[in-house]
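Welcome, and please open your viewer with a cartoon view and a selection box at hand. We will go from one selection to the next and look at what is there.

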Amino acid sequence: MTTKSTLKSGIRILSEAIASVRSVAVGVWVHTGSRDETADQAGISHFVEHMVFKGTKKRRMHQIANRLESVGGYLNAFTSKEHTCFHARALDTDLDRAIDTTCDLVKSPVFPERELEREKTVVLEEMKMYEDAPEEHIFDRFESVIFPDHPIGRPVIGYANTVSSLTRQDLVHFVNGRYTPNRIVVAAAGNVRHEHLVKHVEKAFDGLRAAQNARTVNVSASYEPGEIVEARPIQQAHLVVGQRGISVGSNRQASLGILNTLLGGGMSSRLVQNIREKYGFCYNVFSFANLHSDCGDFGVYIGTDATKVRRAQRLVFRELDRLAQNPVSSRALARAKSQVKGGIVMGLESMNNRMIRLATQELMVGRLISLDEAMAELDAVTVEDVQNLAQDLLKPDLFSRVLILPES
């Protein structure tokens, strides 16, 4: 059972009651992310996410860290292109503690000066960690080519020079302008009573200043393919090819899920069977789709020996061409639908996944898409739908390319 309420301030509260479990997942979501940053702010959303844990008006840093762990739960956060989320998992008997703690992080951070420089060092080390992982770094580089003139093309974590220059006043100004009721969604899933959740969220956010503020401009429709080639002290070559895709609101989202599954979603996919299993050219190959509120991207990743990059890319393009030119069989389509459905249903066995689903659909679509509706959309996808989408997306002449090679 899912329920939604909206407070007078504009904060939206959603819950899904699952009486058969003894835990609850709570998330306080703020509809702001790296796409809302100016060039000189790059990384501020992520840095704010770090810094709120350094203290609030009610609690010091160590008290925040112990608040949920001391009762067997956990507290964490993440930042994306579109959102920032502070989430907790706890026993249902500790729901009030989980609500109070997550809401406090959003409402009352103090950003102590003594922690500011120390945490910058932590984030700079996090940047180095990603830089040292080419299979992660390559996707930031890919998005910088796909969206070259927009914040969505920048890494969520930002850059060393921009994060290093942030001041406490920058953080306070950003939070005052972005952490506002019209952007906040509180979601909970598990053994929770909606009325109880609403009462405690309303109390926790009492006095939060209401404000209306617009998001950054939408991504330009114009796109030109680009290329980046880098050399690094690594052993394996990493390749991503792809182009812009569809947005969250597209009526082709179900078709994309099936296309992505057929092409590179799992061991039975065409890329794995015809590049890894048949030729042994790689250990890891997959297709991916990122959907944002007004844009998206789609592509293929492969890690292979530097001497095999050209042959591997030819094999990838061959599979793309097969999907675009030849309709999939009804049997293959049915298998892909079952695979996607199974992933959705099994994912809902996690209270955290249910909480995320509630919040992201509210923020990105404006309503909850029921499981029955999602299944019906998948069932309605035809062979022609998949082929038409493949013909629109799988065009190598429109593909951007990012290649990271071992240094010679």
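The tour below visits two sheets, one helix, a pocket and a few single residues.

**Before you click**

This is a predicted model, in which local features need pLDDT of at least 70 and side-chain atom pairs count only at pLDDT 80 or more, while totals for chains, interfaces and linings use all residues. Residues are numbered from 1 along each chain as its sequence is written, and side-chain values use heavy atoms, with hydrogens and water left out.

**Stop 1: the sheet of 6 strands**

Select strands E1 to E6; strands (E, at least two residues) and helices (H or I, at least four) are DSSP runs, numbered from the N terminus. They form an open sheet in the order E1-E2-E6-E3-E5-E4, and its pairing is mixed. Two strands are said to pair if DSSP finds at least two bridges between them. At the edges sit E1 (2-6) and E4 (74-79), each of which pairs on one side only. On average, neighbouring strands here are turned by 15° against each other, direction ignored. For such angles, axes are lines fitted to C-alpha atoms (for helices over the stretch in contact), and angles run from 0 to 180 degrees between N-to-C directions.

Zoom in on the E1 edge. E1 and E2 (residues 12-17) run antiparallel and are joined by 5 bridges. Click Thr-2 and you will find its bridge partner, Glu-16, in E2.

Now move to the other edge, E4. Which residues of E4 are on its covered face, and which on its uncovered one? Leu-75, Ala-77 and Thr-79 make up the covered face, whereas Tyr-74, Asn-76 and Phe-78 make up the uncovered one. E4 pairs with E5 in the antiparallel sense over 6 bridges, and a hairpin of 4 residues joins the two strands. Along this pair, Asn-76 stands opposite His-87 in E5.

**Stop 2: helix H3, lying across the sheet**

Select residues 95-107, which are helix H3. H3 lies across E3 (23-30), E4, E5 (84-91) and E6 (184-190), and runs at about 15° to E3. Try the distance tool on the end C-alpha atoms of H3: they are 18 Å apart, which agrees with the 18 Å that its 13 residues should span at 1.5 Å a residue. That expected span is 1.5 Å times one less than the number of residues.

How many of the residues of H3 are buried? The number is 10 of the 13, so H3 is largely enclosed by the rest of the structure. Buried means under 20% relative accessible area, exposed over 50%, and partly exposed in between (1.4 Å probe, protein chains only). Among the buried residues are Leu-95, Asp-100, Cys-103 and Val-106. To see what covers them, show E3, E4, E5 and E6 together with helices H2 (61-69) and H8 (194-204), which are included in the cover.

**Stop 3: the second largest pocket**

Next, select Lys-57, Lys-107, Ser-108, Val-175 and Asn-176. Of the 16 residues lining the second largest pocket, these lie nearest its centre. A pocket, on a 1 Å grid over the protein atoms alone, is an open set of points where a 1.4 Å probe fits, with protein on both sides within 12 Å along at least five of seven lines; lining residues have an atom within 4 Å of a point. H3 and helix H7 (168-178) are the elements that give two or more residues to this lining, and H7 gives the most, with 4.

While you are on H7, click Gly-177, a residue of that helix. Gly-177 counts as partly exposed, at 31% relative accessibility. Ala-211 is 34 residues from Gly-177 in sequence, and their C-alpha atoms are 7.9 Å apart in space.

**Stop 4: the sheet of 5 strands**

Finally, select E7 to E11. These strands form an open sheet in the order E7-E11-E8-E10-E9, with mixed pairing. Its edge strands are E7 (227-232) and E9 (282-291), each pairing on one side only.

Centre the view on E8 (residues 237-244), which is mostly covered, with 8 of its 8 residues buried. E8 runs antiparallel to E10 (residues 296-304), with 8 bridges between them, and His-238 stands opposite Gly-303 in E10. E8 is also antiparallel to E11 (residues 400-406), through 5 bridges; there, Gly-242 stands opposite Ser-400.

Conventions
Contact means heavy atoms within 4.5 Å.
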